[in-house]
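Student: I have the model open in my viewer and would like a close look at one part of it. Could you take me through that part and then on to its surroundings?

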Amino acid sequence: MDRIQDKKRILLVNVNWLGDVLFSTPAIRAIRKAFTSSSISCMIVPRVKEILEGNPNIDELIIYDEEGMHKSLLAKVKFIAQLKKKKFDLVILFHRSFTRTLICYLAGIPTRVGYSTFKRAFLLTQKIKPQIGSMHKIDYLSNIVNAIGIETDNSFCDFFIQDSNRVFVDKFLFNAGIKQDDTIVVLNPGGNWQPKRWMKENFARLADKLITDFNLKVIISGGLKDIDLVGQITKLMNQKPVVACGRLTLKQLGALFEKAKLVISADSSPLHIAASLGTKIIGLYGPTSVDITGPRGRGYIKIIQKSIGCKIPCYDSECIDFRCMKVIIAKDVLDEVYKAIDLH
């Protein structure tokens, strides 16, 4: 497909999950490089806003709150009218939603680019054939802009942090009694669904070992939804870690990762944020595929995943066995910690 030229106002319609939005940043970076003088806006749901805030490749974030303020038909009509006023020339649809594509059509955006699906093909002006087989989500999203003649560098994602976030984290660490020359390891036990989480007993055992045997400063991170989980982990521990769970925004968490020697996490947005910042990471993978959602970044990346005979990826959110995560033991992770940082 020939390169699209001379588009002054560009709208990107992004996906809905934190990690997937982060995976879209190589494509966004390439679009900015291709259209240096264009205005680039990005339509997102509220929960992913922090991933793209401060990104210099985007001029404007447009919030589409499909579960809240834009849920009703009247609200959608008003939203379409607002988009129409902006007079976009081109929309690139990372999202496969029919509704979003229809909104862009009704907003009068003349050039509409995205994956062609049965329901929305007639609404697209440039139809891209959906990819068959497993493909990393970064490549899957970048393939859309590759198809219109824009080259991408998919080796790393972008996550931008402001100095105010670094100042906040400096104060947080000072108040927690952590000195500048202390070695910090961050453990992130959460995940957006239970089967992806490593066993809390293993996190407790690993954290105790890192504190007692190697005098490392262990910080346990997580969102508000992870407070109970982190509480269970700390109750299982003999030592006392620093708990950052529910106390940091995503940007502040990124600033913490910048100061960490190592981040240990299952497949989750914090793992991918750490990778994008070049922090050393150990990823604990069970039901998800490294080929599809593995971390990409410019730093040290180690994945621990063991074959147990189950089909990977497995999206059984109702699984009660968790064999794929149980098979990873604390010693497996500790052995990799030795390789990642000098513990001798």
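Student: Let's start with strand β4: which residue stands opposite Val91 there?

Tutor: Happy to help, and please keep in mind that this is a predicted model. The residue opposite Val91 of β4 is Leu11. Here is how that pair fits into its surroundings. Strand β1, residues 9-13, pairs with β4 in the parallel sense, over four bridges. Strand β5, residues 111-115, also pairs with β4 in the parallel sense, again over four bridges. Within β5, Val113 is the bridge partner of Ile92. As a general point, the strands of a sheet pair through backbone hydrogen bonds, in either a parallel or an antiparallel way.

Now look at the side chains of β4, which covers residues 90-93. Leu90 and Ile92 point one way from the strand, while Val91 and Leu93 point the other way. Each of these four is buried.

There is also an open sheet of six strands, whose order is β9-β8-β7-β10-β11-β12 with parallel pairing. Its edge strands are β9 (242-243) and β12 (301-304), each of which pairs on one side only. Inside that order, β10 and β11 run parallel and are joined by four bridges. If you want a residue pair to click on, try Ala266, whose bridge partner in β11 is Leu284.

Helix α8 is a good next stop. Its buried residues are Asn202, Phe203, Ala204, Leu206, Ala207, Asp208, Leu210, Ile211 and Phe214. They pack against several strands, namely β7 (184-188), β8 (217-220), β10 (262-266) and β11 (281-284), and also against the helices α9 (227-236) and α14 (330-340). You can check the length of α8 yourself: with 15 residues (200-214) at 1.5 Å a residue, the helix should span 21 Å, and its end C-alpha atoms are indeed 21 Å apart. Just after α8 comes Asn215, which has a positive phi, near 55°.

Another helix to visit is α7, where Asn165 lies. Asn165 has a relative accessible area of 9%, so this residue counts as buried, the cut-off being under 20%. Leaving aside residues up to four places away in sequence, Asn165 touches Lys251, Gln252 and Ala255.

Helix α7, residues 163-175, also brings us to the pockets, since it gives the most to the lining of the second largest one, with three residues. That pocket has a volume of about 240 Å³. Among the residues lining it are Asp170, Leu173 and Phe174, along with Ile184 and Lys259. By class, its lining has four nonpolar, two polar and four charged residues.

The largest pocket holds about 1,100 Å³ of space. It is lined by 41 residues, and those nearest its centre are Trp17, Leu18, Gly19, Asn192 and Ser269. The lining divides into 15 nonpolar, 18 polar and eight charged residues. Several helices supply at least two lining residues each: α1 (18-23), α6 (137-146), α10 (250-259), α11 (269-276) and α12 (290-293). The largest share, four residues, comes from α1.

Note on methods. Residues are numbered from 1 along each chain as its sequence is written. This is a predicted model: local features need pLDDT of at least 70, side-chain atom pairs count only at pLDDT 80 or more; totals for chains, interfaces and linings use all residues. Side-chain values use heavy atoms; hydrogens and water are left out. On a 1 Å grid over the protein atoms alone, a cavity is a set of points where a 1.4 Å probe fits but cannot get out, and a pocket is an open set with protein on both sides within 12 Å along at least five of seven lines; lining residues have an atom within 4 Å of a point. Grid points are joined across faces, edges and corners, and a volume is the space filled by probe spheres set on the points. Ala, Val, Leu, Ile, Met, Phe, Trp, Tyr, Cys and Pro count as nonpolar, Asp, Glu, Lys and Arg as charged, and the others, Gly among them, as polar. The expected span of a helix is 1.5 Å times one less than its number of residues. Buried means under 20% relative accessible area, exposed over 50%, partly exposed in between (1.4 Å probe, protein chains only). Contact means heavy atoms within 4.5 Å. Two strands pair if DSSP finds at least two bridges between them.
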